[in-house]
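Reader: I am new to reading structures, and I would like a close look at one part. Could you take me through the surroundings of the ligand, and then show me how the rest of the chain is laid out around that part?

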Amino acid sequence: MPEKRHLLHLQPATPEFAGDISALHSSLFEKAWDADGVRRLLEHPASVALVATAERPWRVIGFILAQLTADEAEILSLGVGVMSQRAGIGKMLVQGLIEMAQRKGVKRIFLDVAASNAAAIGLYRAMDFAEMGRRKEYYSHNGGRREDALLMVRDLGESS
Ligand SMILES: CC(C)(COP(=O)(O)OP(=O)(O)OC[C@H]1O[C@@H](n2cnc3c(N)ncnc32)[C@H](O)[C@@H]1OP(=O)(O)O)[C@@H](O)C(=O)NCCC(=O)NCCS
């Protein structure tokens, strides 16, 4: 059942969250990211990351990880726990990232998403990201199957 909004907190993902993010990431993606790798990412000065946490019991139910390069940002990963999906948490995480990125002077946010990932593509479209290209056979799945990536972008402009 989706989490209730009033029990949710959105906050910057400090390195202490690495283990929880790694565990949630592993439950959502074929290729796991270990906690040390996530911690190094969070410690990097160019990283911008948020977690959504729920109370009672306290747990991390969503995360977004991005990296800044000059005035652009790339979303590296986004995930919401299966039991908490479709309750607006993904949108909150993307909106929170946009606001953090704008405060840091970012003008455009990019990401790659698997062409079959209807949920993520639907979310990014709903957040005004536009498709700007396709990378052929960019992802390799377990078992060897390959899949195209869609490259999506959102211009942040001067305000909004
Ligand atoms: C993609 C993901 C982060 C979405 O998180 P979420 O919290 O469920 O998303 P939201 O509830 O904020 O949904 C916002 C909008 O996205 C779209 N969307 C979300 N899930 C969808 C689905 N399963 N099918 C189609 N559209 C979907 C809808 O437009 C939705 O708005 P609506 O509920 O008003 O129709 C989540 O499904 C997830 O973690 N998936 C596994 C990991 C993953 O694929 N990450 C993205 C890698 S780039």
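Author: Start with the residues around the ligand. By class, this shell holds 11 nonpolar, 6 polar and 2 charged residues. The model is a predicted one. In it, 19 residues surround the ligand. The closest are Gln85, Gly90, Ala119, Gly122 and Leu123. Three elements give two or more residues each to this shell: strand E4 (72–80), helix H3 (89–103) and helix H4 (118–126). Which of them gives the largest share? That is H4, with 6 residues.

Stay on H4 for a moment. Arg125 is found in this helix. Is Arg125 buried or exposed? Arg125 has 12 C-beta neighbours inside 10 Å, so it counts as exposed. Now look further along the sequence, to Val153. Arg125 and Val153 are 28 residues apart along the chain. Their C-alpha atoms are separated by 9.8 Å.

Next, take E4, the strand that helps to line the ligand shell. E4 pairs with two strands that we can follow in turn. On one hand, 8 bridges join it to E3, and the two run antiparallel. Here Gln67 has Glu74 in E4 as its bridge partner. E3 and E4 also form a hairpin, with 2 residues between them. Ala70 lies in that turn, and its phi is positive, about 50 degrees. On the other hand, E4 is joined to strand E5 (residues 108–114) by 4 bridges. This pair runs parallel. Find Ile75 and you can find its bridge partner in E5, Leu111.

Go back from E4 to E3, and carry on outward. Strand E3 covers residues 59–69 and pairs with E2 over 8 bridges, in the antiparallel sense. Gln67 appears again here, as the bridge partner of Ser47. E2 and E3 form a hairpin too, with 4 residues between them. In this turn sits Arg56, with a positive phi of about 45 degrees. One step further lies strand E1 (residues 8–12). It is joined to E2 (residues 47–54) by 5 bridges, and the two run antiparallel. Gln11 stands opposite Val51 in E2.

Now for the nonpolar core. In soluble globular proteins, nonpolar side chains tend to be buried together. In this model, the largest nonpolar core has 36 residues. Which residues have the most contacts inside it? They are Ala49, Phe63 and Ile64. Follow Ala49. Leave aside its neighbours within four places in sequence, and Ala49 is in contact with Pro12, Ala13, Leu42, Phe63, Ile64, Leu65 and Ala66. Phe63 and Ile64 are thus named twice, in the core and in this list.

Finally, step back to the whole chain. The chain has 4 helices and 7 strands. Along the sequence, their order is β-α-α-β-β-β-α-β-α-β-β. The radius of gyration is 15 Å, close to the 15 Å that the globule rule gives for 160 residues, so the chain is as compact as a globular protein of that length. Along the principal axes, the C-alpha atoms fill a box of roughly 45 × 45 × 30 Å. Of the 160 residues, 27% count as buried. Now take the contacts between residues at least 6 apart in sequence. Of these, 57% join residues at least 24 apart.

Conventions
Residues are numbered from 1 along each chain as its sequence is written. This is a predicted model: local features need pLDDT of at least 70, side-chain atom pairs count only at pLDDT 80 or more; totals for chains, interfaces and linings use all residues. A nonpolar core is a set of buried Ala, Val, Leu, Ile, Met, Phe, Trp, Tyr and Cys residues joined through C-beta atoms within 7 Å. A residue is buried if 20 or more other C-beta atoms lie within 10 Å of its own, exposed if 12 or fewer, and partly exposed in between; C-beta atoms are placed from the backbone. Two residues are in contact if their C-beta atoms, placed from the backbone, lie within 7 Å. Two strands pair if DSSP finds at least two bridges between them. A residue is near a molecule or strand if its C-beta atom, placed from the backbone, lies within 6 Å of it. Ala, Val, Leu, Ile, Met, Phe, Trp, Tyr, Cys and Pro count as nonpolar, Asp, Glu, Lys and Arg as charged, and the others, Gly among them, as polar. The radius of gyration is taken over C-alpha atoms; the globule rule is 2.2 Å times the number of residues to the power 0.38.
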